[in-house]
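Please open the structure in your viewer and keep the selection tool at hand. The stops below tell you what to select next and what to look for there.

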Amino acid sequence: MAVLIELKDVSKTFTLESGTELKVLDGISLTVHEDEVVALLGPSGSGKSTCLRILSGLIPANSGSVLVRGKRLQGMNPDVALVFQSFALFPWETVYQNIALALKRSELSSSEVKARVRKVIDLVGLEGFEEAYPRELSGGMKQRVGIARALVMEKPLLLLDEPCSALDILTADTLRTEMMKIFLSQKTKTRSMVLVTHHIQEAVFMASRIFVMGANPGHIRKEIINDLPYPRDDQSMSFRRMVSQLYAWITETLMPDAPISGEAISLKPRQKEGPIQPLPNIQIIEMIGLLEAIADDGGKADIFELAHGTGKDFGRTLYLVKAAELLELVDTPKQSVILTDLGRSFVAGDMNVRKRMLHELFGSLQIVQMTSQLLSKTQALRIPIQELTERVGEWLPNENPHQMVEVLISWGRFSEYFGYSDDTKEVYLDVGQETI
Amino acid sequence: MKKKASFLKGPFSFSDGILVLVTATIIYGVFSIANESQSDFHPATQIDLSVWRLPYYTLLSAVRGTVAYFISLIFTFIVGYLMARFRLAERWMLPLLDIFQSIPVLGFLPGLILGLVAFFPKTNTGLELAAILMIFTGQVWNMTFSYYASLKSLPRDLDEASRVLGFGIKDRLLHLELPYSAVNLAWNSLLSMAGGWFFLIPCEAMTLGDKEYRLPGIGAYMDVAISQKNPLAIGMAVIAMLILIIAMDFVVWRPVLSWVRRYRLDESISARVDEPLMRVWLRESPMLRLMKLFLRRFFGRLKRPRMKVSVKKFFFGKKILDFLNHLGTRCTGVFQVLGILCLGALLVGMSFKAYYLFMLLIRIPGASWLALWVDAAWTLFRVFLVLVIATAMSVPLGIWIGTSAKRVRIAQPIIQVLASFPAPMLYPLVLGLLFALGVPFSWASVILMLLGVQWYVLFNVLAGAMSISQTLNDAAWLMDFSRWDRWKFLYFPSIFPSLATAWITAAGGAWNASVVSEYLSYQGHVLQTRGLGAKLSSATVSGDFSLFAASLVLIVFIVFSLNRWVWSKIYAITQRRYRIEL
């Protein structure tokens with residue numbers, strides 16, 4: 001099988017506005033061959049979109065090498081077309097013009113351009129919409145234009161950046177099926193596709209190889225071969241088995257504390273020393289909703305069913321569980337989530353009880369204690385947010401410090417531990433002095 | 001089928017008549033200007049105050065303004081692009097433009113006149129060019145800033161798409177950069193034209209020391225009419241100017257503003273807006289359609305992309321062609337070097353100028369500097385007063401109009417026309433009224449300044465009031481807010497960001513207007529009050545270059561520092577605190 005593109009030990013670091021450096025990709029190596037669909041699957045922050053942009057040549061890698069047909073890539077990758085999550089259609093051009101724009105750089109005659117555009121319009125089912133402007137189309141139709149525009153370029157490698165995540169579930173299903181139909185029919189010049197997604201079913205439905213990515217910094221956790229025969233049926237047993245196997249892998253990626261196999265229920269005593277735990281980027285109120293959902297299920301729930309039942313995507317649910325676990329409100333043996341005694345009394349209590357408990361539990365987290373120490377060392381019990389951000393950056397070098405401080409403040413406000421004034425840009429210790 | 005049917009209506013219609021008239025007028029105007037500028041050098045043209053000559057003068061002024069506008073447009077595209085594209089250009093040119101922006105039009109006068117007239121000693125070309133370039137300096141800055149801001153805020157996904165699609169510089173310009181900036185550029189063009197008309201009188205009738213310069217045009221006509229105390233001529237000039245503004249609004253701005261709506265980014269299909277009559281005519285004109293058809297046939301046959309390439313290949317060979325293409329796509333380096341060279345030339349030129357300026361400035365004694373600062377304080381006080389009055393008037397009016405769709409529909413076109421009307425043309429009439437009321441000139445000049453500046457405030461407040469969130473408005477009614485609470489919690493916070501923008505532009509405008517409103521000729525004699533604008537004007541008229549340079553430097557210094565240290569701070573606060581995210 002011929003190799004289309006190869007990443008060798010690629011890393012990428014962005015410099016944030018504040019000047020701090022954030023590593024988003026670390027040591028990525030992957031190869032895309034002809035006749036395959038590769039999926040990059042991971043939670044937000046795992047750098048999968050960055051990875052795709054490096055493949056396309058939109059952004060250069062900091063280190064490592066990108067090889068296209070054996071040659072080092074410089075500038076844009078001439079072999080790829082890209083489908084955007086946000087469609088990226090030019091609002092002032094019609095559907096026809098949007099697609100034809102992709103052939104601007106080709107040396108085709110106008111009749112050849114016309115023929116090629118007609119062909120893809122026919123292929124993706126846009127007949128009759130040629131003269132429409134993007135703002136007149138629904139999301140599903142817009143993405144069809146996005147796909148048509150990519151196909152018309154007749155490049156061997158098609159990159160898909162979360163192509164369906166801006167669409168509703170039904171539309172996304174249809175589009176996915178149609179994309180695979182077009183790909184498998186071999187009516188186009190597309191030899192291979194690289195799909196970026198956080199949607200597990202989507203990856204299993206489309207990809208023949210799946211790279212599970214982990215976050216902070218983004219790296220490849222595991223490569224999974226998905227040899228289910230095409231066309232795939234998402235209701236079949238084998239499909240479901242593949243999906244739940246992936247769920248298990250991702251659970252392990254995000255919650256390495258929870259063993260996937262083995263009988264022992266994990267009840268590790270929380271380490272006060274040792275690595276500082278980052279806070280998952282979730283809202284406390286969402287986590288409370290999850291706890292209530294678990295309580296409704298009798299205090300114990302399967303994590304997949306929980307995700308399904310609350311209608312949140314799996315990655316998000318995992319973060320919520322992780323947050324609850326951090327606060328010792330749940331335990332996560334295997335793939336189930338169980339309310340602890342603390343968790344039970346938390347759910348049973350009213351808002352005042354809950355706030356009091358949160359105040360205690362939140363206060364015992366290591367990162368919170370370090371922040372409190374920092375604040376109480378000052379005369380006014382307050383420091384500029386800039387300073388806290390710098391310190392958090394030192395404590396957790398792999399996290400985005402701005403985001404971490406945002407979460408810290410959001411949790412801190414809820415549990416009445418910290419406050420923050422946007423006027424003075426200062427974080428303060430909430431000892432009740434700041435009431436108006 | 002439809003197209004055929006309207007062909008049968010006949011090759012000529014009423015709208016065609018209008019189009020032919022407009023086209024003929026434009027062609028005639030351009031030829032007249034060319035003719036005037038080719039004529040032998042005669043610095044002070046005799047202005048004939050006969051009403052019948054007025055259309056001709058008006059036409060000449062219109063052509064001058066339009067030519068200046070196109071120069072502004074070209075300047076905007078080049079400089080705006082360079083600033084948005086290259087860090088180096090941005091770092092140097094942005095503050096430079098800020099400074100240029102704070103120079104009143106009159107500040108460019110001596111340099112332009114002396115330089116260009118010396119360059120074209122035989123014909124009137126130099127003088128014409130000087131007038132056009134002065135109008136240009138009254139138009140260009142906000143257009144350039146607007147284009148630059150648009151280019152800096154290109155949506156990221158569209159930028160990436162255009163790179164993945166392999167757009168070259170040309171395609172990027174045509175399909176991304178121009179369309180994206182079109183709406184803002186169109187509105188700023190409208191404002192720029194108004195800004196250009198504002199200084200029409202001093203641009204066409206200038207006194208520099210003992211020399212008088214006058215060009216045939218409506219500004220010069222007004223100047224002569226005022227100095228000859230001819231009320232009929234003054235009145236006729238005002239009417240002619242009004243007709244010019246309304247005609248431009250009808251023929252150019254309304255169709256353009258309606259046309260650029262297709263380039264707005266928001267995805268929603270908004271409610272139908274009435275199509276301006278001019279666009280309907282353009283669209284339905286059988287003659288134009290015939291011409292378009294003909295042109296398309298003609299050029300359609302010529303345009304064969306493949307042939308073009310092979311012809312190029314024939315001449316250049318594959319290697320050279322590849323090299324050129326390579327250069328086209330990755331010529332950043334070449335542009336960088338060119339940019340540095342241009343910048344270097346500019347800096348050398350400017351240091352010469354700075355030296356010259358320095359020599360002028362050291363001739364000013366300390367006492368004069370003190371007097372200049374006192375003058376500056378007077379003008380500063382007037383500017384401040386103008387802002388207060390303009391705000392007090394425009395905020396209630398703007399909110400009253402802006403909160404009702406019906407009132408907006410009626411008022412907006414009227415305001416658009418009135419705001420474009422150059423206030424200095426009304427000065428004689430207003431002064432007559434004020435003097436009759438017994439107002440002294442030092443206070444009257446505040447009113448004159450206000451006349452030109454209040455529109456900035458009203459325009460912006462109106463825009464702000466129109467964008468007041470309907471949900472918040474409903475909520476305020478449901479909660480039964482008192483009138484005061486509605487103002488305090490809804491209206492004022494909603495319009496505050498636009499008010500801040502208004503103050504910045506209005507303050508700059510007021511400083512510029514001080515040049516014509518603190519010093520002017522009225523009924524044959526000169527009226528003057530204490531102020532920096534008056535100093536600048538009188539220094540120009542008396543040809544005292546040292547004083548001229550000193551007051552100019554002071555104005556630029558004050559306006560620039562106010563922008564940097566006061567207005568931008570207020571603006572930043574409003575953007576942070578009163579931004580609405582729903």
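In this predicted model, begin by selecting domain 1 of chain B and domain 2 of chain B, whose centres, taken over C-alpha atoms, are separated by 22 Å. To colour them apart, use the bounds of the domain assignment, which gives 14-266 + 273-284 for domain 1 and 363-582 for domain 2. Between these two parts, 34 residues of domain 1 of chain B are in contact with 35 residues of domain 2 of chain B. On the domain 1 side of this contact, α11 of chain B gives the largest share, eight residues, and the elements that give two or more residues also include α4 (87-101), α5 (109-119) and α8 (169-198) of chain B. If you colour that side by class, you will find 24 nonpolar, six polar and four charged residues.

Stay in chain B and select B:Lys229, which lies in the loop between α10 (218-227) and α11 (231-259). Although B:Lys229 is not a glycine, its phi is positive, at about 50°, and the residue counts as exposed because 12 other C-beta atoms lie within 10 Å.

Now move to chain A and select A:Gln186, found in the loop between α5 (169-185) and β8 (192-197). A:Gln186 is also a residue other than glycine with a positive phi, here near 60°, and with 10 other C-beta atoms within 10 Å it is exposed.

The last stop is A:Pro231, in the loop between β10 (219-225) and α7 (237-254) of chain A. Look at the peptide bond that leads from A:Tyr230 to A:Pro231, which is cis, with omega near -15°. As background for these backbone stops, most residues other than glycine have a negative phi, and most peptide bonds are trans.

Terms used
Residues are numbered from 1 along each chain as its sequence is written. Chains are lettered from A and ligands numbered from 1 in the order in which they are written. This is a predicted model: local features need pLDDT of at least 70, side-chain atom pairs count only at pLDDT 80 or more; totals for chains, interfaces and linings use all residues. Helices (H or I, at least four residues) and strands (E, at least two) are DSSP runs, numbered from the N terminus. A residue is buried if 20 or more other C-beta atoms lie within 10 Å of its own, exposed if 12 or fewer, and partly exposed in between; C-beta atoms are placed from the backbone. Domain bounds come from an automatic or database domain assignment. Two residues are in contact if their C-beta atoms, placed from the backbone, lie within 7 Å. Ala, Val, Leu, Ile, Met, Phe, Trp, Tyr, Cys and Pro count as nonpolar, Asp, Glu, Lys and Arg as charged, and the others, Gly among them, as polar.
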